[in-house]
Amino acid sequence: MAITCQGCSTEISEETFLEAYKVCPECGYHHPMTAYERLELLVDEGSFDEHDAGLYSTNPLDFPDYEEQLARDYAKTGLKSEILTGEAKIDGQSVAITISDFGVRGGTMGAVVGEKVTRNIEYATQSRLPLIIVSRSGGMRMQEGTLSLMQMAKTSAVCVKHAEAGLPYISVMADPTFGGSTASYASLAHIILAEPGARIGFAGPLATASIKQQLPENFQKAEFLLEHGMIDRIVQRSEMRSLLIDLLDFCVNLS
Ligand SMILES: [Zn+2]
């Protein structure tokens with residue numbers, strides 16, 4: 001089965017596509033990855049110990065159809081919960097790792113995502129581990145209202161405690177990383193990496209259109225943000241694991 005590149009419309013064989021970690025060999029377009037695929041790409045085989053797998057959302061505000069939407073998303077992604085968190089090894093170095101999956105309500109952060117991110121950061125602090133968070137998020141979970149928004153403060157607070165303990169945090173922003181996730185934990189790392197072409201921002205294109213001002217072209221793309229100092233480096237997917245190994249080696253030897 002051939003895949004049509006979303007960047008240049010080239011037909012790519014499934015084998016080539018998967019071998020290249022879903023990056024187009026012609027134009028370099030980085031296609032979306034699931035949390036499990038990302039885990040396989042980044043961590044040592046068989047080293048992932050998942051935490052809080054049984055934590056799942058309820059429907060605290062009785063939002064119509066919310067439970068059904070979540071059940072469909074779980075079935076589609078194969079995830080037991082909304083976001084992968086746990087401990088793993090990267091080239092033998094233990095890390096606390098969180099990986100979001102866009103397939104569950106667009107990777108939005110509600111109470112469960114916020115709680116799992118928080119627990120993973122607290123685990124990193126208590127176990128004195130470097131922290132890696134890979135984000136793909138549409139923002140906050142509107143079906144959970146204020147319960148969702150408060151997760152921004154909660155996750156930010158534990159990021160600060162992790163940093164105060166002298167422990168490194170590397171944030172990886174994949175396409176897209178938006179809204180409250182960008183405005184909280186995803187931007188609070190010591191080192192912020194992004195994939196080529198990743199859309200990163202606070203308000204998405206529809207919200208920014210409401211201010212009726214001409215904004216710079218591509219102002220929410222990783223390349224623009226690198227030029228303006230919001231992120232530290234753009235990293236090809238094929239090089240992400242080896243860069244993380246180098247960065248972890250550097251950070252752990254510092255501490
Ligand atoms: Zn392409």
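In helix α9 of this predicted model, the buried residues are R237, L244, L247 and L248. These buried residues pack against one helix segment, α2 (35–42), and against the strands β4 (83–90), β5 (93–100), β6 (131–137), β7 (169–177) and β8 (191–194). The helix that carries them covers residues 237–254, which is 18 residues, and reaches 26 Å from its first C-alpha to its last, close to the 26 Å expected at 1.5 Å a residue.

Helix α9 belongs to a chain that has nine helices and nine strands, and buried residues make up 38% of the 255 residues in that chain. Among the contacts with a separation of 6 or more, 71% are accounted for by residues that stand 24 or more positions apart. The radius of gyration of the chain agrees with that of a compact globule, because 255 residues would give a value near 18 Å and the chain has 18 Å. Along its principal axes, the C-alpha trace spans about 50 × 45 × 40 Å.

The domain assignment divides the chain as follows.

| Domain | Residues |
|---|---|
| domain 1 | residues 1–31 |
| domain 2 | residues 32–254 |

The C-alpha centres of domain 1 and domain 2 lie 24 Å apart, and seven residues of domain 1 are in contact with nine residues of domain 2. On the side of domain 1 that touches domain 2, the residues divide into three nonpolar, three polar and one charged.

Definitions and conventions: Residues numbered from 1 in each chain as written. Predicted model: local features only at pLDDT ≥ 70, side-chain atom pairs only at ≥ 80, totals over all residues. Helix = DSSP H or I, 4+ residues; strand = E, 2+ residues; numbered from the N terminus. Rg over C-alpha atoms; globule rule 2.2 N^0.38 Å. Buried ≥ 20, exposed ≤ 12 C-beta atoms within 10 Å, placed from the backbone. Contact = placed C-beta atoms within 7 Å. Expected span 1.5 Å × (residues − 1). Domains from an automatic or database assignment. Nonpolar A, V, L, I, M, F, W, Y, C, P; charged D, E, K, R; others polar.
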